[in-house]
Amino acid sequence: MMNGSITPLREWGLPMAGMFLAAGPCSAESEEQLRKTAEGLKGCPLSFFRAGVWKPRTRPGTFPGLGEKALEWLVRVREEFGFPVGAEVGTPQHVEAALRHGLDVLWIGARTTPDPFAVQSIADALKGTDARVLVKNPVSPDLDTWLGALERVHNAGVRRLGAVHRGFATSHDTRYRNAPLWRIPIELKRRLPGLPLICDPSHLCGRADIVPPTAQEALDLLYDGLMVEVHHNPPEALSDAGQQLTPQAFREMLAHLVIRKESGDGLPYEMQMQELRHTVDEIDDDLVELLARRMEIARAMGDLKRRHQVSTLQPTRWKEILATRLAAARKRGLSEDFVSQVYQIIHEEAIQVQEEPMFRDADKREPEGPEKK
Ligand code: PEP
Ligand code: MN
């Protein structure tokens with residue numbers, strides 16, 4: 001329902017040189033800090049200059065942002081440097097203040113997106129305005145929650161609407177502050193191809209050194225743009241010091257980023273790609289066939305275990321499976337983290353398959369009204 005009615009980014013009335021590009025500090029800390037950072041970005045093709053003025057901090061007692069007076073500084077940055085400006089909003093009062101100061105872009109942060117009451121009250125405040133609004137993904141890896149927030153804002157009549165992928169909190173260690181879980185934004189794009197999708201590699205990475213390759217990764221996945229934290233002096237930043245780029249590092253990154261196209265030019269590209277795709281299709285057929293066979297065996301094992309009253313979970317066997325498969329994966333140069341995740345999913349499904357017969361009777365009964373979220 002949202003697909004046809006969303007305004008493409010090039011019609012948002014903001015500068016767009018090849019891609020949508022937002023940059024600026026995590027937080028507005030002083031007028032001087034904003035001016036120095038904007039000075040460092042002078043001439044960059046920014047769609048908007050960002051700065052948080054109300055900061056959703058995890059712990060009280062940390063820098064909470066400077067509120068409305070920082071909005072005035074942002075407006076002065078726009079006057080002096082010509083950049084459109086944007087900030088995060090978390091309440092209807094923020095929306096009202098940001099629009100009263102004429103901010104060009106508003107975004108809903110990752111901590112606000114999961115709260116339906118907060119998002120609805122922000123959406124209500126946006127009704128009848130022509131605001132440009134970006135919705136960051138929720139902290140937890142849940143596509144429905146992200147979609148729900150986008151729908152609430154869309155239902156309020158906002159048509160210049162986009163999504164920002166800033167990564168997800170997960171339990172396992174990765175090199176990132178917030179795991180990318182690219183499959184979630186890719187699925188969002190599959191469902192809503194008309195919705196602009198922007199990557200925020202800064203909150204995703206949590207460290208400046210891997211922001212550039214992550215930004216390139218997003219462009220390789222056909223994202224429409226980037227939102228990057230840039231501070232004139234990152235070590236002194238009052239929030240997110242480790243992940244902000246200097247203006248110079250940002251410029252270097254921009255100079256090296258390659259914007260990919262969905263398809264390549266010419267016959268050699270097409271022929272080679274056809275061949276590779278064909279091979280991938282065959283491998284995927286084999287994978288599905290092997291998975292089906294593995295689950296058939298799991299079912300047979302489940303029957304045997306039940307007849308002999310043996311538990312479904314066999315911790316020693318599971319430990320051995322994981323260790324041997326990881327060793328084999330290592331030898332083949334596969335990432336242990338990847339193979340371990342694949343095996344955890346396979347193992348979980350095998351347990352499910354073995355337990356299935358016990359649910360058969362329950363499944364025949366009418367459900368007693370499943371809990372609806
Ligand atoms: C931010 O953009 O500074 C911010 C607080 O990000 P997030 O909502 O993604 O944590
Ligand atoms: Mn930040």
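**Burial, helices and a manganese site**

User: Met 19, buried or exposed?
Analyst: Met 19 is buried, because its relative accessibility is 8% (buried is under 20% relative accessible area, exposed over 50%, partly exposed in between, with a 1.4 Å probe and protein chains only). The model is predicted: local features need pLDDT of at least 70, and side-chain atom pairs pLDDT 80 or more, while totals for chains, interfaces and linings use all residues. Residues are numbered from 1 along each chain as written, chains are lettered from A and ligands numbered from 1 in the order written, and side-chain values use heavy atoms, leaving out hydrogens and water.

User: Where does Met 19 sit in the fold?
Analyst: Met 19 belongs to the segment before E1 (strands are DSSP runs of E, at least two residues, and helices runs of H or I, at least four, numbered from the N terminus).

User: And how far is Met 19 from Ala 208?
Analyst: Their C-alpha atoms are 21 Å apart in space, with the two positions 189 residues apart in sequence.

User: Overall picture, then. How many helices and strands?
Analyst: The protein has twelve helices and eight strands. Its C-alpha trace spans about 75 × 55 × 45 Å along the principal axes.

User: What share of the protein is buried?
Analyst: Of the 373 residues, 43% are buried.

User: Switching to the metal. Which residues are the protein donors of the manganese ion?
Analyst: For the manganese ion (ligand 2), the protein donors are Cys 26 through SG, His 203 through NE2, Glu 229 through OE and Asp 240 through OD, at 2.1 to 2.3 Å. Donors here are N, O and S atoms within 2.8 Å of the metal (3.2 Å for Na, K and Ca); water is not among the atoms, so sites may look incomplete.

User: What spacing do they follow along the chain?
Analyst: The donors of the manganese ion follow C-x176-H-x25-E-x10-D. Cys 26 and Asp 240 link distant parts of the chain, being 214 residues apart. Cys 26 lies in the loop between strand E1 (20-24) and helix H1 (31-41), and Asp 240 in the loop between strand E8 (225-229) and helix H9 (247-256).

User: Are those two buried or exposed?
Analyst: Cys 26 and Asp 240 are both buried.

User: Now H10. Where is Asp 281?
Analyst: Asp 281 is in helix H10, residues 267-307. Asp 281 counts as partly exposed because its relative accessible area is 47%.

User: And Glu 275, buried or exposed?
Analyst: Glu 275, also found in helix H10, is exposed because its relative accessible area is 59%.

User: How far is Glu 275 from Arg 360?
Analyst: The C-alpha atoms of Glu 275 and Arg 360 are separated by 44 Å, and the residues are 85 apart along the chain.
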